[in-house]
Amino acid sequence: MKIAIASGKGGTGKTTIATNLALMLVDAGKTVQLLDCDVEEPNCHIFLKPVIESSKTQTVPLPTVIKEKCTGCEICADVCEYNAIVVIKGEVLIFPELCHSCGACMLFCPEDAIVEKEREVGIIESGTSNGIQFIHGLLNIGELMSPAVIRGVKDSASDSDIIILDSPPGTSCPVIEAVKDADFVLLVTEPTPFGLNDLELAVGMARELKLPSAVAVNRSDVGTDDVKRYCERENIPIVLEMPDDRRVAEAYSRGDMIVRAIPEYREVFTTCWSHIIELENDIASRVAYYEGAAEK
Ligand code: SF4
Ligand code: SF4
């Protein structure tokens, strides 16, 4: 099962939930991989402290012009949707940071004057921590192509009982890249007006992608009831509530794992996982039922 931990905004406790869920599941005898897909600001490693065993560069294709063949026709600039290529006085200029490696310029160049070369955009590191297979990506500073590094992280995963993806915050392209093929999305939020606003956006994204989802509420005993009322109204289950517990904040500030530092929280994460499995089984049986009905 592949489960993505996502949130409409940063700082909601997404990484805390992803890492502690992973550790609880490993302790329960599952094989678990944790993929930190927040490649602009990965921080799962701060808590898991993995031993990094391998590292590789992540590259993307970048168009390069063969000057001798180029006639300066500007077709490449016209077809580029991202303004990554311009022709000035017959000279082709390419802006690597804007290029999305779509290949259109190369495809449409009438002179076959464009070839692709690989450009490094980040690195992928793999290792282990407490029995968890750990993979994270590090986007190069100033680089915009985070989806490519996220793809590299996901492509590096192997078979295991459970794959947990710690997604970037927000609802933009990098998040879509991280969550799009998950079996389930756990949306982490806080009971504040900002939390509710960003949760609504995240729920909209999950629905657009047709991904089953549930909500985890961090610092659930502060703020207002608006998030709970929204979830009831929208029929979205809340599968985890973490109180505003000073011991959690202290463990977090030390970089400790909550399920190890405060044993009673193991039960909180175990119950959360049971709810997710129930929901997943329920969805799977409903899909099987409707597929069976459609075949009749
Ligand atoms: S489309 Fe090809 S020939 Fe035309 S300007 Fe671009 S690189 Fe040169
Ligand atoms: S590969 Fe695509 S995004 Fe990059 S310069 Fe060519 S057309 Fe533009």
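Two residues are in contact if their C-beta atoms, placed from the backbone, lie within 7 Å. The exercises below use this idea on a predicted model.

**Exercise 1.** Work out which elements cover the buried residues of helix 7, and why the length of helix 7 agrees with what is expected.

*Solution.* Begin with the residues themselves: the buried ones in helix 7 are Gly 195, Leu 196, Asp 198, Leu 199, Ala 202, Val 203, Met 205 and Ala 206. Next, look for what lies against them, and the cover is found to include strand 1 (2-6), helix 6, strand 9 (184-189), strand 10 (213-218) and helix 8 (226-234). In a general way, an α-helix has 3.6 residues a turn, so residues three or four places apart point the same way. For the length, take the 16 residues of helix 7 (residues 193-208) at 1.5 Å a residue, which should span 22 Å; because the end C-alpha atoms are 23 Å apart, the two values agree. Finally, step past the end of helix 7, where Lys 210 follows with a positive phi near 55°.

**Exercise 2.** Decide how far helix 5 is covered, and name the elements against which its buried residues pack.

*Solution.* Of the 10 residues in helix 5 (residues 146-155), 8 are buried, and the helix is therefore described as mostly covered. Those buried residues are Ser 146, Pro 147, Ala 148, Val 149, Ile 150, Gly 152, Val 153 and Lys 154. They pack against strand 2 (32-36), strand 3 (51-65), strand 6 (114-129), strand 7 (132-139) and helix 6 (173-179).

**Exercise 3.** Describe the largest nonpolar core, and follow the contacts of Leu 165.

*Solution.* The largest nonpolar core has 67 residues, of which Ile 164, Leu 165, Leu 186 and Leu 187 touch the most other members. Helix 1 (residues 14-27) gives the most to this core, namely 7 residues. Another core, of 11 residues, lies apart from it, and among its members are Val 65, Cys 80, Val 92 and Cys 99. Turning to Leu 165, and setting aside neighbours within four places in sequence, one finds contacts with Lys 2, Ala 4, Ile 5, Leu 35, Cys 37, Ala 178, Val 179 and Ala 182.

**Exercise 4.** State which residues come nearest to each ligand, and how the two shells divide by class.

*Solution.* Around ligand 1 there are 14 residues, and Cys 70, Cys 73, Ile 75, Cys 76 and Cys 109 come nearest; this shell divides into 10 nonpolar, 2 polar and 2 charged residues. Around ligand 2 there are 14 residues, with Cys 80, Ala 84, Cys 99, Cys 102 and Cys 105 coming nearest, while the classes are 11 nonpolar, 3 polar and no charged residues.

Terms used
Residues numbered from 1 in each chain as written. Chains lettered and ligands numbered in written order. Predicted model: local features only at pLDDT ≥ 70, side-chain atom pairs only at ≥ 80, totals over all residues. Near = placed C-beta within 6 Å. Nonpolar A, V, L, I, M, F, W, Y, C, P; charged D, E, K, R; others polar. Buried ≥ 20, exposed ≤ 12 C-beta atoms within 10 Å, placed from the backbone. Helix = DSSP H or I, 4+ residues; strand = E, 2+ residues; numbered from the N terminus. Core = buried A, V, L, I, M, F, W, Y, C linked by C-beta atoms within 7 Å. Expected span 1.5 Å × (residues − 1).
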